[in-house]
Amino acid sequence: MADGSVVKHSHHGDAARETRRLKVEEDIFARNDALADVNRRMLAHAGTFAVNLMSSPGSGKTTLLVRTLKELKGRPLAVIEGDQQTDLDAKRIEATGVKAVQINTGKGCHLDASMVGRALPKLPLEQGGLLFIENVGNLVCPASFDLGENKKVVVVSVTEGEDKPLKYPDMFAVADLVLVNKIDLVPHLEFDVAQLEANVQRVRPGVKIIRVSAKSGEGFSEWLGWLQRR
Ligand code: MG
Ligand code: ZN
């Protein structure tokens, strides 16, 4: 009996803790959304269009971004590079001549609006410019954090499963554009691109999908066209 009451008591404690946890989460998102609005105003004032690039690790995001920057040469460009550790990707970006600010999130698995807000003043934001924010490789929580970007682009590669959109629906549900990367590898894989695309459409009906290869350049005219129209 004594044991039972202890268990009961601890359950009450769990419920109170859970309520507190939800309140803290609500506060985190409310604070983030307010800071994201500040970023959005700063970007609009500068005349810079911002794209938040999200994917799982290993989707080829950085390679895709490097090629994109090279092809957009001549246009004002800037990059915010999010990684848990290292500045290896930022170095690859800077090798193209484009200014990149590295944000190391440490144990954090996503970028938030305050991190981006601190990076913005360090970048050349120009009228008619494009800012790419490469998020931390993670298909879960980056979906919940508004950074003040104009568009969210989700990259998924054909070396992942066709079921990725069904496993991570929150991410695909916020996508303004989905890039199916490494399309050059399809002949070597047992991968059903049409199935992947059908799964994307199930989660985000009507979203634009572009098949691309950062290696061969396939699909880049369409991807660059999408960016240029912004
Ligand atoms: Mg990267
Ligand atoms: Zn996270």
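In this predicted model, the magnesium ion (ligand 1) is held by three protein donors, namely Thr-62 through OG1, Asp-89 through OD and Glu-134 through OE, at 2.1 to 2.2 Å. Read along the sequence, these donor residues follow the spacing T-x26-D-x44-E. Within this set, Thr-62 and Glu-134 bring together distant parts of the chain, 72 residues apart. Thr-62 belongs to helix α2 (residues 61-71), whereas Glu-134 sits in strand β4. Both Thr-62 and Glu-134 are buried.

The second metal to look at is the zinc ion (ligand 2), which is coordinated by Cys-109 (SG), His-110 (ND1) and Cys-141 (SG) at 2.0 to 2.2 Å. The donor residues of this zinc ion have the sequence spacing C-H-x30-C. Here, too, a pair of donors links distant parts of the chain: His-110 and Cys-141 are 31 residues apart. His-110 is found in the loop between β3 (99-104) and α4 (113-119), while Cys-141 is found in the loop between β4 (129-134) and β5 (151-157).

It is worth pausing on how far each zinc donor is covered by the protein. His-110 has a relative accessibility of 16% and therefore counts as buried, the cut-off being under 20%. Cys-141, with a relative accessible area of 19%, is under that cut-off as well, so Cys-141 is also buried. Cys-109 has a relative accessible area of 30%, which means that Cys-109 is classed as partly exposed. As for bonds between cysteines, the structure holds zero disulfides; the sulfur atoms of Cys-109 and Cys-141 serve instead as donors to the zinc ion (ligand 2).

Attention can now turn to the open space in the protein. The largest pocket has a volume of about 190 Å³. Its lining is made up of 15 residues, and those nearest the centre of the pocket are Pro-57, Gly-58, Lys-61, Asp-83 and Gly-137. By character, the lining residues comprise nine polar, four charged and two nonpolar ones. Two secondary-structure elements, helix α2 and strand β2 (77-83), each supply at least two residues of this lining. Helix α2 thus appears in both settings, as it contributes to the lining of the largest pocket and also carries Thr-62, one of the donors of the magnesium ion (ligand 1).

How values were computed: Residues numbered from 1 in each chain as written. Chains lettered and ligands numbered in written order. Predicted model: local features only at pLDDT ≥ 70, side-chain atom pairs only at ≥ 80, totals over all residues. Heavy atoms only, no water. Donors = N, O, S within 2.8 Å, 3.2 Å for Na, K, Ca; no water. Helix = DSSP H or I, 4+ residues; strand = E, 2+ residues; numbered from the N terminus. Buried < 20%, exposed > 50% of the residue type's maximum accessible area, 1.4 Å probe, protein only. Disulfide = S-S within 2.5 Å. 1 Å grid on protein atoms, 1.4 Å probe; cavity = no way out; pocket = protein on both sides within 12 Å on 5 of 7 lines; lining within 4 Å. Points joined across faces, edges and corners; volume = space filled by probe spheres on them. Nonpolar A, V, L, I, M, F, W, Y, C, P; charged D, E, K, R; others polar.
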